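Please find below my notes on the helix packing and the sheet, set out as numbered points.

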Amino acid sequence: MTDLLPLPEGVQYKAEVGSTMDEIRALARAGAPEWTVVLADQQTHGRGRRGKVWQSQAGSGLYFSILLRPRVTLSSLGLLPLLVGASLAASIQSHLGLTTQLKWSNDLLSLDGRKLAGILLESEVIRNKVKFVVLGIGVNVHFQEFPKELKAAALEEFVAVRRGDLLRVILKQLRLDYARFLEQPEFALQLWKSFPNNLGKIVQILEPSGDTWSGIALDLDSSGALLVQTETEIKTVFAGEVSLLR
Ligand code: BTN
């Protein structure tokens, strides 16, 4: 806990929760304001995308969720993970001097290709209107034993980090970037492309159906979908797991 102190103002701290996603969801339904933040030192049921577990040992990472009530269209909401990933990359670069790379759509990797941070967005939408979004961010800060297949890395393998200080920088940067996103959602694309990313590289796509195929990641379209050049056509990937082949 010690390197979490001093906690940024307004952050609700829990030593242990199931998942900070569920904590924020409950607060959202009870009418909590935007930018309510719950941070846990440890999660017993930390979750990632596609039903994966997010390993969240005590004393190791930053595990937090933020309540947002974005007044944007459903289509713009697809740009939010890109904005958040790029905002994280900006904070890590400015605060720690560490360059990272963005992997479409929600991941932040070390330059040697291991996962440093992940982003999970869960939204409540009623009649095509976004009621609220729970934005979950997990950053691997201190070293923990990761299963090899996770291909994970911790920030402290590269640079010394105090979790509380990093959290303060991340929240400040995110508020600024989110304000620009609300004014102009395409800002997310601009910011994402300004950091090292997997465009121009050979990628393998694992479809939600389980099918895999590969091609060159060409660009993002205006909705944030990934355009991939295969041998025969340009395919648009809206959802799917991307791995870097080269
Ligand atoms: C992913 O890369 O699959 C997304 C990982 C998101 C993990 C964070 S940790 C804080 C919040 N609480 C959770 O249970 N998950 C998110």
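1. Helix 3 (residues 80-96) packs against helix 4 (residues 163-183) at an angle of about 135°, their axes lying 9 Å apart; axes are lines fitted to C-alpha atoms, for helices over the stretch in contact, and angles run from 0 to 180 degrees between N-to-C directions. Helix 3 and helix 4 are therefore oblique to each other, and their crossing is right-handed.

2. On the side of helix 3 the contact (heavy atoms within 4.5 Å) involves residues including L83, S87 and S91, and on the side of helix 4 residues including V169, Q173 and F181. The residues of this contact divide into 13 nonpolar, five polar and two charged.

3. This is a predicted model, in which local features need pLDDT of at least 70 and side-chain atom pairs count only at pLDDT 80 or more, while totals for chains, interfaces and linings use all residues. Residues are numbered from 1 along each chain as its sequence is written, and side-chain values use heavy atoms, with hydrogens and water left out.

4. Seven strands form an open sheet with mixed pairing in the order 1-2-3-7-6-5-4, in which strand 1 (11-17) and strand 4 (101-103) are the edge strands, each pairing on one side only. From one strand to the next the twist averages 20°.

5. Strand 3 (residues 61-68) pairs with strand 7 (residues 129-140) in the antiparallel sense over eight bridges, and I66 stands opposite L135 in strand 7. Helix 4 packs on the sheet, where it touches strand 1, strand 2 (37-43), strand 3 and strand 7, and its direction makes about 30° with that of strand 3.

Terms used
Helices (H or I, at least four residues) and strands (E, at least two) are DSSP runs, numbered from the N terminus. Angles under 35 degrees count as roughly parallel, over 145 as roughly antiparallel, 65 to 115 as roughly perpendicular and the rest as oblique. A crossing is left-handed if the near helix is turned anticlockwise from the far one by less than a right angle, and right-handed if clockwise. Ala, Val, Leu, Ile, Met, Phe, Trp, Tyr, Cys and Pro count as nonpolar, Asp, Glu, Lys and Arg as charged, and the others, Gly among them, as polar. Two strands pair if DSSP finds at least two bridges between them.
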